[in-house]
Amino acid sequence: MKITDVSRCTMEVIEVEEFLRNPPPGFTVEAGYGFVKSDPENCCVFIDDFELSRGGKVVFQHSQGKKITVRNLGDYTRFRKSLTSKKIYILVSACESKPSSTDGKAPKNIKVLQQYVVSIDGRNPLIKWEIERGLDRTISSVAGESYRVDIDLCDALRGWAGESFCLLGNREKVTPVWKDTCFTLKYYSDALFDFPHWLGFSKRHFKISNHGR
């Protein structure tokens with residue numbers, strides 16, 4: 001089920017089976033849905049290998065995974081340029097449980113109702129600005145240190161789904177809890193005594209908002 005009712009300029013959300021049956025431009029699917037090729041010139045894919053609910057493993061050929069490691073300024077610069085010049089794809093899960101806290105995130109060990117491939121256009125001026133601002137704030141706060149930063153689409157998904165979201169095959173409207181909504185950049189400094197990183201003080205987090213609602 002491809003849903004394009006809202007956020008057409010910034011976000012696209014496609015049920016994973018529909019994505020595999022009818023891949024969008026830039027993707028081809030081979031070997032009975034098990035192997036997915038993407039165009040690395042136009043797509044940034046942050047999807048780990050995963051199992052379908054009906055069985056069978058899915059592998060995205062050019063995916064960088066959900067955790068990306070860079071070790072120098074050149075790697076960081078190339079990663080940043082990719083984010084702001086291509087479409088970004090991640091795999092998220094809609095879950096049935098209500099959140100256990102006020103941040104809207106799913107607790108662990110809850111039932112996954114459906115999985116979706118989410119795409120945002122990093123070239124969109126507003127999305128590009130949010131990404132650049134979040135990365136700039138991270139770097140300015142951890143200068144010279146190793147760090148990790150989570151780039152989170154949870155708020156954007158909640159705004160996109162609203163209160164009138166229907167799961168595929170279910171006419172009842174639900175307000176899902178979204179899981180696996182982040183991808184993570186890890187930067188490792190050459191500094192020998194990187195105590196803030198060792199002690200866990202160099203973790204940062206920023207969210208992408210939904211401007212197309």
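Start by selecting Leu83 in this predicted model: setting aside neighbours within four places in sequence, leucine 83 is in contact with Cys44, Phe46, Ile88, Gly122, Ile131, Leu135, Ile151 and Phe183. Widen the selection to the largest nonpolar core, which has 31 residues, and the residues with the most contacts inside that core turn out to be Phe46, Leu83 and Phe183. In soluble globular proteins, nonpolar side chains tend to be buried together. A second core, separate from this one and made up of 16 residues, can be coloured next; among its members are Cys43, Phe50, Phe60 and Val117.

Now show the helix that carries Leu83. In helix α2, which spans residues 73–83, the buried residues are Tyr76, Phe79, Arg80, Ser82 and Leu83. Looking along the axis, you will find that these buried residues cover an arc of only 160°, which means that they lie on the same side of α2. Select Leu73, Arg78 and Lys81 to see the other side of α2, where these residues are exposed. At the N-terminal end of α2, display Asparagine 72 as sticks, since this residue caps the helix there, with a side-chain oxygen 3.1 Å from the backbone nitrogen of glycine 74.

The aromatic rings come next. A pair of aromatic rings is described by the distance of the centres and the angle of the planes. There are eight aromatic pairs in the model, and a good one to begin with is phenylalanine 27 with phenylalanine 60, an edge-to-face pair at 6.4 Å centre to centre with 80° between the planes. This pair links distant parts of the chain, given that phenylalanine 27 belongs to strand β3 (residues 27–30) and phenylalanine 60 to strand β7 (residues 57–60), 33 residues apart. Both phenylalanine 27 and phenylalanine 60 are buried.

For another geometry, select phenylalanine 46 and phenylalanine 183, whose ring centres are 4.4 Å apart and whose planes meet at 5°, so this pair is stacked. Here too the pair links distant parts of the chain, with phenylalanine 46 in strand β5 (residues 43–46) and phenylalanine 183 in strand β15 (residues 182–187), 137 residues apart. Phenylalanine 46 counts as buried because its relative accessibility is 0%, and phenylalanine 183 likewise counts as buried because its relative accessibility is 1%.

To finish, select Phe19, Phe27, Phe50, Phe60 and Tyr89 together, and you will have on screen a cluster linked by ring pairs; of these residues, Phe50 and Phe60 were already met in the second core.

Methods. Residues numbered from 1 in each chain as written. Predicted model: local features only at pLDDT ≥ 70, side-chain atom pairs only at ≥ 80, totals over all residues. Heavy atoms only, no water. Core = buried A, V, L, I, M, F, W, Y, C linked by side-chain atoms within 4.5 Å. Buried < 20%, exposed > 50% of the residue type's maximum accessible area, 1.4 Å probe, protein only. Contact = heavy atoms within 4.5 Å. Phe/Tyr/Trp six-rings, centres within 6.5 Å; stacked < 30°, edge-to-face > 60°. Helix = DSSP H or I, 4+ residues; strand = E, 2+ residues; numbered from the N terminus. Arc of directions from axis to C-beta. Polar contact = N/O pair within 3.5 Å; in protein donor to acceptor, adjacent residues only side chain to side chain.
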